[in-house]
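Visitor: Please take me through one part of this model slowly, beginning with a single loop residue and working outwards to whatever lies around it.

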Amino acid sequence: MHALVRPVWMKQFNGIFSKWMSTAFIQKQISDSPLTDTFGRHHTYLRISVTERCNLRCQYCMPEEGVNLSEKSKLLTTDEILKITEIFVKQGVNKVRLTGGEPTVRKDIIDIVKSLKRIEGLDIVAMTTNGLTLTRQLVALQKAGLDILNISLDTLSAEKYEKITRRNGWKRAMMGIDLALQLGYDPVKVNCVVMKGLNDDELLDFVQLTKDKNIDVRFIEYMPFSGNKWNENQMVSYKEMVKIIKTVHPDFHSLINEPNDTSKAWKIPGYKGQIGFITSMSDHFCGSCNRLRLTADGHLKVCLFGNTEISLRDALRGQHSEEDLLALISQAVRKKKKRHAGMLNLSQMENRPMILIGG
């Protein structure tokens, strides 16, 4: 056989072998990464709380008596947020979500977004906000590079809004949603924590929001955190919500979800938007979790419901090397449990109030 002439089967074998070697190499890189836990979950999504402060006092998020805020000196500076983010991005994080508190109350929030967008390898910068200041800030945030926007709204009633949040602001939140739609956010995600006897009678009203507008309403099961007086009887499960919606919309059907999606997507045929369910309590998605959380005071939480933390702030301020920081991060990630402790156990565990975690 001439040396330059190879049979077809050999070419096919070489192609398959090269592809296998490439895949195996990538898989080994992932398994060796500081961001891969012992269950093979590779974390590419970092949620960063940029402040503990908020201009609302939502029942499920903050204790009625309020919280003790950290001293300013204990909170991460903008430079520290960027430095830590750069370390995570080098290891494969490609999406960051800014949370709070309420992220828009931080005076340099627009500069933070702009600086994050300059980090090579970071594809998506998202934000979760209550929407109260968006009519003043959203144009600038979009110009700074904000890619995805989630707006928290738990009721379509101005009166009920004041009861849930202990503040006024419903009209401003609605105006923020409308502006986001006008500016082309596709879709605008609306987060709604559903609580029995409080706003579960509005499920169908929220569904109607998706009829003519490109809105993704995400119904969130009520979750236990320190100080929010969680009660199992107040939780409306995913299956209950689907059943209620199907009584009026029998063609309401599920969609295909991406592997790391936290929200189970559903849709009514002909409606412009869609519905999602975040089922942390009744049908957890721990097995595909790819999220890590950085609190405003610089602590890394590998699980929203976990009560173990590690201070990256102290390591950074102690002039530790990037290698040392990666070792700390890896240690924390590899201690991540297979799943959270379960609904009833979580209600008995000590954890931060939601406002001090950042969602």
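**The loop histidine and its surroundings**

Guide: His-249 is found in the loop between helix H8 (238-248) and strand S7, where helices (H or I, at least four residues) and strands (E, at least two residues) are DSSP runs numbered from the N terminus. The structure is a predicted model, in which local features need pLDDT of at least 70 and side-chain atom pairs count only at pLDDT 80 or more, while totals for chains, interfaces and linings use all residues. Residues are numbered from 1 along each chain as its sequence is written, and side-chain values use heavy atoms, with hydrogens and water left out.

With a relative accessibility of 12%, His-249 counts as buried, a term that means under 20% relative accessible area, with exposed meaning over 50% and partly exposed covering what lies in between (1.4 Å probe, protein chains only). Leaving aside residues up to four places away in sequence, His-249 touches Leu-204, Val-207, Gln-208, Ile-268 and Tyr-271, a contact being heavy atoms within 4.5 Å.

Two of these partners, Leu-204 and Val-207, lead into helix H7, where together with Leu-203 they meet Met-241, Ile-244, Ile-245 and Val-248 of H8. H7 (residues 203-212) packs against H8 at an angle of about 70 degrees, and the two axes are 10 Å apart; the axes are lines fitted to C-alpha atoms, for helices over the stretch in contact, and angles run from 0 to 180 degrees between N-to-C directions. H7 and H8 are therefore roughly perpendicular to each other, given that 65 to 115 degrees counts as roughly perpendicular, under 35 as roughly parallel, over 145 as roughly antiparallel and the rest as oblique. The crossing of H7 past H8 is right-handed, which is the name used if the near helix is turned clockwise from the far one by less than a right angle, anticlockwise being left-handed. H7 also lies across strands S5 (188-194), S6 (215-221) and S9, and it runs at about 155 degrees to S6.

On the other side of the loop comes S7 (residues 253-254), which pairs with S8 in the antiparallel sense over two bridges; two strands pair if DSSP finds at least two bridges between them. Ser-254 has Trp-266 as its bridge partner in S8. Strand S8 (residues 263-267) has four of its five residues buried, so it is largely enclosed by the rest of the structure. S8 is joined by four bridges to S9 (residues 274-278), and these two strands run antiparallel, with Lys-264 standing opposite Phe-277 in S9. The hairpin of S8 and S9 has six residues between the strands, and in its turn Gly-270 has a positive phi of about 90 degrees.

These strands belong to an open sheet of 12 strands with mixed pairing, in the order S7-S8-S9-S6-S5-S4-S3-S2-S1-S10-S11-S12. S7 and S12 (310-311) stand at the edges with a single partner strand each, so one side of each is left without a neighbour in the sheet.

Further along that order, S1 (residues 45-49) and S10 run parallel and are joined by four bridges, one pair of bridge partners being Leu-46 and Leu-292. S10 (residues 291-294) is covered on both faces, with Arg-291 and Arg-293 buried on one side and Leu-292 and Leu-294 buried on the other. Two bridges join S10 to S11 (residues 299-301) in an antiparallel arrangement, in which Leu-294 stands opposite Leu-300 and Arg-293 has Lys-301 as its bridge partner. Four residues separate S10 and S11 in their hairpin, where Gly-298 takes a positive phi near 85 degrees.

For the chain as a whole, there are 11 helices and 12 strands, and buried residues make up 51% of its 359 residues. Of the contacts between residues at least 6 apart in sequence, 72% join residues at least 24 apart.
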